[in-house]
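This briefing covers one protein chain and goes through its charged pairs, barrel, cores, loops and backbone angles. The sequence and structure come next.

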Amino acid sequence: EMSWRRDVKHPSKVLNVGDEVECQVLEIDARNKRLSLGLKQLQENPWTALEEKYPSGTTIEGEVKSVTDFGIFVDIGEGIDGLIHVSDISWNKKMAHPSERFKKGEKIKAMVLSIDKETEKFSLGIKQLERDPWETAKTKYRVNEGVEGKVTKVTDFGAFVELEEGIEGLIYVSELSDNRIEKPSDVVKVGDIVRAEVISLDTKDRRIGLSMKRLRHTEERRDYESYQAKNDRKTSLGDVLGSKLQGIFSKSEE
């Protein structure tokens, strides 16, 4: 109850023996003859000021105070740390640990996501400073259309294909070929450039389903339809010429 600052670890950081202080009475326990006092209650709560100073969407700069498994703590000032959760670091770049990208003491920029003065939580995000690639995915990738990308990962159940930075699609093993496939690695390898057809798109869950098998079927059908159309045009032209020649021969005979 001495300070709003969480970095005060010992009373001697705030008070000295013999100091005269003004306090607020918090509780009176007559039975146990105890009187609870508070110093910070007579000071402005910095968390109230923070809500006004840093509304959601504000960009701030701070120093990395510590790096943990679940995120990064950034020094906001006034003894307050903001947390950038690992899920708010990047839209697309996956990392085993935040320490791969950030170090204690470095200056970084982040966006204020929320401030909860009741629980004293200051939430920040780095990825929010950039455009979410999935915002335009619905207009760029349509079901039944072909796409091209690079294989980034091959698993027992299929292959992940990067369509652009931040957007990956999955080709299940059953969608790789018409033939029975035991292992996806028998068909594709990391680094391969492949073409596939979009068979499902869920921007909410950030999932795109792809099929190499379906694209082959689609292209074969289109080739066949194109071939048929050409033959139909040739047949029609032949019929027209034939009828014309027949008319000429008929007139000459007369």
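Which residue forms a salt bridge with glutamate 164? The partner is lysine 140, and the closest N and O atoms of the two residues are 2.7 Å apart. The model is a predicted one. Its salt bridges come to a count of 5, and its strands include 5 that close into a barrel.

**Salt bridges**

- Side chains of opposite charge can pair when their charged atoms come close.
- The pair of glutamate 164 and lysine 140 links distant parts of the chain, 24 residues apart: glutamate 164 is in strand β9 (residues 158-164) and lysine 140 in helix α2.
- Glutamate 164 is buried, because its relative accessibility of 18% is under the 20% limit.
- Lysine 140 has a relative accessible area of 44% and is partly exposed.
- Another salt bridge joins aspartate 132 to arginine 206, with 2.5 Å between the closest N and O atoms.
- This pair also links distant parts of the chain, 74 residues apart. Aspartate 132 is in the loop between β7 (121-125) and α2 (137-140), while arginine 206 is in the loop between β11 (193-202) and β12 (207-211).
- Aspartate 132 is buried at a relative accessible area of 8%, whereas arginine 206 is partly exposed at 32%.
- Arginine 180 and glutamate 182 also meet through their side chains in a salt bridge, at 3.5 Å from N to O.
- Both ends of that bridge are exposed: arginine 180 has a relative accessible area of 76%, and glutamate 182 has 60%.

**Barrel**

- The barrel of 5 strands runs in the order β8-β9-β10-β12-β11, with mixed pairing.
- Neighbouring strands of this sheet are turned against each other by 50 degrees on average, direction ignored.
- Within the barrel order, β9 pairs with strand β10 (residues 167-172) in the antiparallel sense over 6 bridges.
- Glutamate 164, the salt-bridge partner of lysine 140, stands opposite isoleucine 167 in β10.

**Nonpolar cores**

- The largest nonpolar core has 19 residues, of which Tyr54, Ile84, Phe122 and Leu124 touch the most other members.
- Elements giving two or more residues to this core are α1 (46-53), β3 (59-67), β4 (71-77), β5 (80-85), β6 (107-116) and β7.
- The most comes from β6, which gives 4 residues.
- A second core is separate and has 18 residues, including Tyr141, Ile171, Val188 and Val194.
- Leaving out residues up to four places away in sequence, isoleucine 84 touches Phe70, Gly71, Ile72, Val74, Ile89, Ile108, Ala110, Leu124, Gly125 and Ile126.

**Loop between β10 and β11**

- Leucine 176 lies in this loop and is buried, with a relative accessibility of 0%.
- Apart from neighbours within four places in sequence, leucine 176 is in contact with Ile171, Pro184, Val187, Val188, Met212, Lys213 and Arg216.
- The C-alpha atoms of leucine 176 and lysine 213 are separated by 5.4 Å, although the two residues are 37 residues apart along the chain.
- Serine 177 is in this loop too and is buried at a relative accessible area of 14%.
- With neighbours within four places in sequence set aside, serine 177 is in contact with Lys213 and Arg216.
- A polar atom of the serine 177 side chain lies 3.1 Å from the backbone nitrogen of asparagine 179.

**Positive phi angles**

- Most residues other than glycine have a negative phi.
- Lysine 33 has a positive phi, near 55 degrees, and is not a glycine.
- Lysine 33 sits in the loop between β1 (24-29) and β2 (34-38).
- Lysine 33 is exposed, because its relative accessibility of 78% is over the 50% limit.
- Asparagine 144 has a positive phi of about 80 degrees and is likewise not a glycine.
- Asparagine 144 is found in the loop between α2 and β8 (146-154) and is partly exposed at 44% relative accessibility.

Key. Residues numbered from 1 in each chain as written. Predicted model: local features only at pLDDT ≥ 70, side-chain atom pairs only at ≥ 80, totals over all residues. Heavy atoms only, no water. Salt bridge = Lys/Arg side-chain N within 4 Å of Asp/Glu carboxyl O. Buried < 20%, exposed > 50% of the residue type's maximum accessible area, 1.4 Å probe, protein only. Pairing = 2+ DSSP bridges. Axes fitted to C-alpha atoms, helices over the stretch in contact; angles between N-to-C directions. Polar contact = N/O pair within 3.5 Å; in protein donor to acceptor, adjacent residues only side chain to side chain. Contact = heavy atoms within 4.5 Å. Core = buried A, V, L, I, M, F, W, Y, C linked by side-chain atoms within 4.5 Å.
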